[in-house]
Amino acid sequence: MQNTSDGDAFSLLLRPHQAPLLAFLTQLTNNTSLAEDIRQETLLKAYINISKYQAKSSFKTWLFGIGYKEFLQANRKSMRFSRLVSAFEGFVRDSHLPDIGGDLDIQNALNKLSHTERAAILLSEVCGLTHVEVATTMNAPLGTAKTYIKRAKDKLNTH
């Protein structure tokens, strides 16, 4: 168990990363409330596991990696719930999505990406991580991370 000075040091370490982490999670989830929940889980896991942090990557990369894993966990739970609702109600919920016309805003464009493409492009372009850091954060090979980024850019440029 960490003492008060450890908690203070951890808070100082987190301070510059909290807003960018929330922005990343909000763009990833398209849901501020869910993003805040995931951020809280991320910060809790980071605090509990701070002794496992190794300086092989930056603290930001490590923290965003935890955040991304928490997003995936929340996404899996949401998908299980959606499948249950879909089976129970007997219809595909996707048919209720609004038609996206010619005036795409950034969130609608991001929503057209897979979650891996969205995460990669947000980590790279919005959060300023290098391709190596994106790969580390997503626990993916470097070539795969670059592919996610390129696909996302290609899809965003076609709209």
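**Exercise 1. Placing threonine 116**

In which helix is threonine 116 found? Determine also whether threonine 116 is buried or exposed, and which residues beyond its sequence neighbours threonine 116 is in contact with.

*Solution.* The model examined here is a predicted one. Step one is the location: threonine 116 belongs to helix 5. Step two is the accessibility: the relative accessibility of threonine 116 is 17%, and because buried means under 20%, threonine 116 counts as buried. Step three sets aside the neighbours within four places in sequence, after which the contacts of threonine 116 are Tyr68, Met138 and Tyr148.

**Exercise 2. Overall architecture**

State how many helices and strands the chain has, and give the share of its residues that count as buried.

*Solution.* The chain has seven helices and zero strands, so that, read along the sequence, its pattern is α-α-α-α-α-α-α. Of its 159 residues, 35% count as buried. For the contacts between residues at least 6 apart in sequence, the share that joins residues at least 24 apart is 63%.

**Exercise 3. Two crossings that involve helix 7**

Classify the crossing of helix 5 with helix 7 and the crossing of helix 6 with helix 7, and describe the residues that make each contact.

*Solution.* Begin with helix 5 (residues 115–126) and helix 7 (residues 142–157), whose axes come within 8 Å and cross at roughly 95°. Since angles of 65 to 115 degrees count as roughly perpendicular, helix 5 is roughly perpendicular to helix 7. On the side of helix 5 the contact is made by Thr116, Glu117, Ala120, Ile121, Ser124 and Glu125, while helix 7 contributes Ala145, Tyr148, Ile149, Arg151, Ala152, Lys153, Lys155 and Leu156. Sorted by class, the residues of this contact are seven nonpolar, two polar and five charged.

Turn next to helix 6 (residues 131–138), whose axis comes within 8 Å of that of helix 7, with a crossing angle of roughly 105°. Helix 6 and helix 7 are therefore roughly perpendicular to each other. Here His131, Val132, Val134, Ala135 and Met138 of helix 6 meet Leu142, Ala145, Lys146, Tyr148 and Ile149 of helix 7, and by class this contact has eight nonpolar, one polar and one charged residues.

**Exercise 4. Aromatic geometry**

Work out which kind of pair phenylalanine 10 and phenylalanine 59 form, and which parts of the chain the pair ties together.

*Solution.* With ring centres within 6.5 Å as the criterion for a pair, the count comes to seven aromatic pairs. In the pair of phenylalanine 10 and phenylalanine 59 the ring centres are 6.5 Å apart and the planes stand at 85°, so the pair is edge-to-face. Phenylalanine 10 lies in helix 1 (residues 4–29) and phenylalanine 59 in helix 3 (residues 59–89), so the pair ties together parts that are 49 residues apart in sequence. Phenylalanine 10 and phenylalanine 59 are both buried, and they belong to one aromatic cluster that is formed by Phe10, Tyr47, Tyr53, Phe59 and Trp62.

A further step follows histidine 17, which is placed in helix 1 and, at 16% relative accessibility, counts as buried. Apart from neighbours within four places in sequence, histidine 17 is in contact with Phe59, Lys60, Leu63 and Phe64. Lysine 60, for its part, lies over the face of phenylalanine 64, at 5.7 Å from the ring centre.

**Exercise 5. Arginine 118**

Find out whether arginine 118 is buried or exposed, and how many residues apart in sequence arginine 118 and glutamine 27 are.

*Solution.* Arginine 118 has its place in helix 5 and, with a relative accessibility of 11%, counts as buried. Arginine 118 and glutamine 27 are 91 residues apart in sequence, yet their C-alpha atoms are 8.4 Å apart in space. Once neighbours within four places in sequence are left aside, the contacts of arginine 118 are Gln27, Leu28, Leu110, Asn111 and Leu113.

**Exercise 6. Positive phi in two loops**

Which sign does phi have in asparagine 30 and in asparagine 139, and where do these residues lie?

*Solution.* As background, most residues other than glycine have a negative phi. Asparagine 30 has a positive phi, near 60°, and lies in the loop between helix 1 and helix 2 (32–48); at 43% relative accessibility, asparagine 30 counts as partly exposed. Asparagine 139 likewise has a positive phi, near 55°, and is found in the loop between helix 6 and helix 7, where its relative accessible area of 65% makes asparagine 139 exposed.

Terms used
Residues are numbered from 1 along each chain as its sequence is written. This is a predicted model: local features need pLDDT of at least 70, side-chain atom pairs count only at pLDDT 80 or more; totals for chains, interfaces and linings use all residues. Side-chain values use heavy atoms; hydrogens and water are left out. Axes are lines fitted to C-alpha atoms, for helices over the stretch in contact, and angles run from 0 to 180 degrees between N-to-C directions. Helices (H or I, at least four residues) and strands (E, at least two) are DSSP runs, numbered from the N terminus. Angles under 35 degrees count as roughly parallel, over 145 as roughly antiparallel, 65 to 115 as roughly perpendicular and the rest as oblique. Contact means heavy atoms within 4.5 Å. Ala, Val, Leu, Ile, Met, Phe, Trp, Tyr, Cys and Pro count as nonpolar, Asp, Glu, Lys and Arg as charged, and the others, Gly among them, as polar. Rings of Phe, Tyr and Trp (its six-membered ring) pair if their centres lie within 6.5 Å; planes under 30 degrees apart count as stacked, over 60 as edge-to-face and the rest as tilted. Buried means under 20% relative accessible area, exposed over 50%, partly exposed in between (1.4 Å probe, protein chains only). A charge sits over a ring if NZ of Lys or CZ of Arg is within 6 Å of the ring centre and within 35 degrees of the ring normal.
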